[in-house]
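Work through the exercises below with the sequence and the model at hand. Each task is followed by a worked solution.

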Amino acid sequence: MRLTLALFIGAGAAAASAAASAQENRGTPEQRAACAPDAFRLCSVYIPDPSGVEACLRLRKSDLSEACKTLFEQASTGSDRAK
């Protein structure tokens, strides 16, 4: 969930209305810095839809930067522990 919001905010920087709707939980600056470039490079067609961006990035996992790929792996590990 946090990763989705981080992607949303990172990608939403270009769309003020998108950023305004998720101001309460922006994710960490590290998450935004790691994945926003990949979101713009690989999945810009889905911006500002956070679910679409996340799904796109997951499908393109092999094309992600190492930093963003690591965050996705940490998020899936963390969510497995929470269940």
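**Exercise 1. Find how many disulfides the whole structure holds, and which cysteines they join.**

Solution. The model is a predicted one. A search of the whole structure gives 2 disulfides.

Step 1. Cys35 is bonded to Cys68, with an S to S distance of 2.1 Å. The cut-off for a disulfide is 2.5 Å between the sulfur atoms, so this pair qualifies.

Step 2. Cys35 belongs to helix H3 (residues 29–43) and Cys68 to helix H5 (residues 66–82), so the bond ties together parts that are 33 residues apart in sequence.

Step 3. The other disulfide is formed by Cys43 and Cys56, whose sulfur atoms are 2.0 Å apart. This pair also links distant parts of the chain, with Cys43 in helix H3 and Cys56 in helix H4 (residues 50–59), 13 residues apart.

Step 4. Counting bonded cysteines along the chain gives the pattern 1-4, 2-3.

**Exercise 2. Assign the handedness of each disulfide, and state whether its cysteines are buried or exposed.**

Solution.

Step 1. For Cys35 and Cys68 the torsion about the S-S bond is about 105°, so this disulfide is right-handed. Both of these cysteines, Cys35 and Cys68, are buried.

Step 2. For Cys43 and Cys56 the torsion about the S-S bond is about -85°, so that disulfide is left-handed. Cys43 and Cys56 are buried as well.

**Exercise 3. Describe the secondary structure of the protein chain, and locate the cis peptide bond that involves Pro48.**

Solution.

Step 1. The protein chain has 5 helices and 0 strands. Read from the N terminus, its elements run α-α-α-α-α.

Step 2. The cis peptide bond joins Ile47 and Pro48, with omega about 15°. Pro48 sits in the loop between H3 and H4.

**Exercise 4. Characterise the surroundings of Asp38.**

Solution.

Step 1. Asp38 is located in helix H3. Its relative accessibility is 3%, and the limit for a buried residue is under 20%, so Asp38 counts as buried.

Step 2. Leaving aside residues up to four places away in sequence, Asp38 touches Cys43, Leu57, Leu64, Ser65 and Cys68. Two of these names, Cys43 and Cys68, appeared in the disulfides: Cys43 is bonded to Cys56, and Cys68 to Cys35.

Step 3. With Ser65, the side chain of Asp38 makes a polar contact to the side chain at 2.8 Å.

Step 4. The side chain of Asp38 also meets that of Arg41 in a salt bridge (2.7 Å, N to O). Arg41 and Asp38 are both in helix H3, 3 residues apart, about one turn of the helix. Arg41 counts as exposed at 51% relative accessibility, whereas Asp38 is buried.

**Exercise 5. State how many salt bridges a search of the whole structure finds, and analyse those of Arg58 and Glu73.**

Solution.

Step 1. The search finds 5 salt bridges. Side chains of opposite charge can pair when their charged atoms come close.

Step 2. Arg58, in helix H4, forms a salt bridge with Glu54 through their side chains (2.7 Å, N to O). Being 4 residues apart in helix H4, Arg58 and Glu54 are separated by about one helical turn. Arg58 is partly exposed at 40% relative accessibility, while Glu54 is buried at 14%.

Step 3. Glu73 forms a salt bridge with Lys61, and their closest N and O atoms are 3.8 Å apart. This pair links distant parts of the chain: Glu73 is in helix H5 and Lys61 in the loop between H4 and H5, 12 residues apart. The cut-off is 4 Å, so the pair is counted.

Step 4. Glu73 is partly exposed, with a relative accessible area of 37%. Lys61 is partly exposed too, at 35% relative accessibility.

**Exercise 6. Give the distances in space for Gln31 with Leu71 and for Arg58 with Lys69, then give the overall figures for burial, contacts and surface.**

Solution.

Step 1. Gln31 lies in helix H3 and is buried at 12% relative accessibility. Gln31 and Leu71 are 40 residues apart in sequence and 7.1 Å apart in space, C-alpha to C-alpha.

Step 2. Arg58 and Lys69 are 11 residues apart along the chain, and their C-alpha atoms are separated by 8.9 Å.

Step 3. Of the 83 residues in the protein chain, 37% are buried. Among contacts between residues at least 6 apart in sequence, 47% join residues at least 24 apart.

Step 4. The accessible surface of the protein chain is about 4,900 Å², and 53% of that belongs to carbon and sulfur atoms.

Notes: Residues numbered from 1 in each chain as written. Predicted model: local features only at pLDDT ≥ 70, side-chain atom pairs only at ≥ 80, totals over all residues. Heavy atoms only, no water. Helix = DSSP H or I, 4+ residues; strand = E, 2+ residues; numbered from the N terminus. Buried < 20%, exposed > 50% of the residue type's maximum accessible area, 1.4 Å probe, protein only. Polar contact = N/O pair within 3.5 Å; in protein donor to acceptor, adjacent residues only side chain to side chain. Contact = heavy atoms within 4.5 Å. Areas by Shrake-Rupley, 256 points an atom, 1.4 Å probe, with all protein chains shown as cover.
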